[in-house]
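Hi everyone, thanks for making time today. I'd like to walk you through one model, so let's put it up on the screen.

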Amino acid sequence: MSATHRLTAPAPGWTATTDVVVVGSGVAGLTVALNARKAGLRTMVVTKAMLDDGSTRWAQGGIAAALGEGDTPAQHLDDTLVAGAGICDEEAVRTLVTEGPDAVRRLIAVGAAFDRGTDGEILLTREGGHHRRRIAHAGGDATGAEISRALVEAVRSDPGVELIEHALVLDLLTDADGHAAGLTLHVMGEGQRDGVGAVRARAVVLATGGMGQVFSATTNPAVSTGDGVALALRAGAAVTDLEFVQFHPTVLWLGPEAEGQQPLVSEAVRGEGAHLVDAHGTRFMLGQHELAELAPRDIVAKAITRRMQEQGAEHMYLDGRHFGAEMWEQRFPTILASCRAHGIDPVTEPIPVTPAAHYASGGIRTDRHGRTSVPGLYACGEVACTGVHGANRLASNSLLEGLVFAERIAADLADRHHRDELPERAVDVAAARAARPVPLPAPESRAEIQRLMSRGAGVLRSAASMAGAAAGLALLAEQAHAHVAEEKPADPRVETWEVANLLLVSTALVAAAAQREETRGCHWREDFPERDDAHWRRHLITTLTASGDPVSTPEEQ
Ligand SMILES: Cc1cc2nc3c(=O)[nH]c(=O)nc-3n(C[C@H](O)[C@H](O)[C@H](O)COP(=O)(O)OP(=O)(O)OC[C@H]3O[C@@H](n4cnc5c(N)ncnc54)[C@H](O)[C@@H]3O)c2cc1C
């Protein structure tokens, strides 16, 4: 099947050719690229900003794997299944936890340096939902920065990996059989490859990260606009579990008007013993869950939101004063610096915190080889839904998922290549032209989308709140159509393409969340507060209709 819709954009003015084109340069994209290249495939990485401009660099807590004495993949599996609230794909989880420890060792071999004790062993900490110390970290709380540094250095020193930075990927290209044959992209800047072009490839890997920017408050960087999910929907691929957005319970509260990326106060701070308290100093997580402050994230985010509502407060507090200055400086230097930069000193005062959108458990549906429902199109990392997270991601499983499933994609590509099943593809130009151009919303719609989503489809959801969000989003889409009809369309450029992606992904997310009439994992319906296994122990699969509207269909039980 060829794409039925595409972003409004000029026709490609240049073409490049490779074997595998990887979109995105976080832990997932760079791991695919390094391994595909090792397998002898010509590999190109295309990335929207600089190589290290994704969520990977921001990860603080660490990467989970059964590396410690007495810990086993089976125990890691159990904790992951509990967090996933009944809809994890158990085989995918088994793959994750079994292949995880060696994948981390291979990451170390690439050059990532994890924190070690005086005995030389990797130091492991605990995070919410884990019954064991199994989180490896680097630079105290700078794990993602170290992983990103090591991978970026490795690809930069490999002349076999071609890198295109500042390039926004627009849409998928297919051949006459509907197999992925490349993509269209817009390269910012001046050079031989400037403006809109096409990359022809035998296989396409999407590793575009998350979609946190659909909400006003998020831990995700500016590049996390859900482009991969939007592209996949337009290309006819199945997307699933979009309603399961994890809200991180504790980001630094920066004031009532704060928007966009906000500093995270890692779960590891609670792991080391900091307490959540209200303005009166009362520890409100006690008695709510056996793990108190270390309960799974959704429980903590809901408890904070409830307490804020009950008390009419704008935030709660995280109290780690008892750590003392030395521990703050050594164990959490990044968080300490970011709090101090905003005028809060965690050594002497509790930190004001509030929940914010953090992680998309859903995404482009893949099998355990990272294959999507479009042949030749792969996805891994946060943009993908392999089924390991179910209705809620267990802390620090995402870097691991990116790593493990990226390796599996590269292995699948290598295998197909060696069996001569990865031929060159001729782009079906007529099909690409026939795809309907999506009208582009005005760039100012970005803030409106974020407000609608935070208000209507945030931590607390109901049919009424989501109907409000859906109506507001539909109005923005109508306005974009009207501007085209009046011959006053918004210019095709990075800002408007991103907003078009945000609008499509938000509309799809709200449609799925409104349909799931139950509370499960990180999807909390105030009007359906119970988990309903009889009807909802299954996934919602989202695709686009011929008119370009997202529609979610419950999977057979
Ligand atoms: C503050 C923070 C803390 C976190 N802490 C942890 C943690 O401790 N442990 C853990 O396991 N997880 C953590 N996570 C989650 C984890 O960091 C991410 O899920 C993971 O890094 C995602 O990796 P990725 O490779 O899929 O995507 P990313 O690292 O986000 O990379 C996506 C890439 O795609 C590019 N891209 C996007 N759209 C386009 C486009 N249209 N064209 C071209 N390129 C595009 C981006 O520029 C970027 O290079 C954290 C996340 C955040 C934000």
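Let's begin with the second largest pocket: β15 (245–252), α7 (297–311), β19 (351–360) and α12 (445–457) each give at least two residues to its lining. Do keep in mind that this is a predicted model. The space in that pocket comes to about 800 Å³. In total 25 residues line the pocket, and those nearest its centre are Ser-216, Ala-217, Thr-354, Pro-355 and Ser-454. For anyone thinking about chemistry, the lining splits into 13 nonpolar, seven polar and five charged residues.

Now to Gln-262, which sits in the loop between β16 (260–261) and α6 (267–271). Is Gln-262 buried or exposed? Its relative accessibility is 6%, and because the cut-off for buried is under 20%, Gln-262 counts as buried. What is Gln-262 in contact with, once neighbours within four places in sequence are left aside? The partners are Ser-216, Ala-217, Thr-218 and Thr-219, along with Val-251, Leu-252 and Leu-254. You may recognise Ser-216 and Ala-217, which I listed among the residues nearest the pocket centre.

My last stop is helix α9, residues 333–341, where the buried residues are Ile-335, Leu-336 and Cys-339. They lie on the same side of α9, because the arc they cover around the axis is only 100 degrees. The general background is that an α-helix has 3.6 residues a turn, so residues three or four places apart point the same way. And what covers the buried residues of α9? The cover includes β15, α6, α8 (324–331) and β19. After α9 comes Gly-343, with a positive phi near 85 degrees.

Terms used. Residues are numbered from 1 along each chain as its sequence is written. This is a predicted model: local features need pLDDT of at least 70, side-chain atom pairs count only at pLDDT 80 or more; totals for chains, interfaces and linings use all residues. Side-chain values use heavy atoms; hydrogens and water are left out. On a 1 Å grid over the protein atoms alone, a cavity is a set of points where a 1.4 Å probe fits but cannot get out, and a pocket is an open set with protein on both sides within 12 Å along at least five of seven lines; lining residues have an atom within 4 Å of a point. Grid points are joined across faces, edges and corners, and a volume is the space filled by probe spheres set on the points. Helices (H or I, at least four residues) and strands (E, at least two) are DSSP runs, numbered from the N terminus. Ala, Val, Leu, Ile, Met, Phe, Trp, Tyr, Cys and Pro count as nonpolar, Asp, Glu, Lys and Arg as charged, and the others, Gly among them, as polar. Buried means under 20% relative accessible area, exposed over 50%, partly exposed in between (1.4 Å probe, protein chains only). Contact means heavy atoms within 4.5 Å. The arc is that of the directions from the helix axis to the C-beta atoms.
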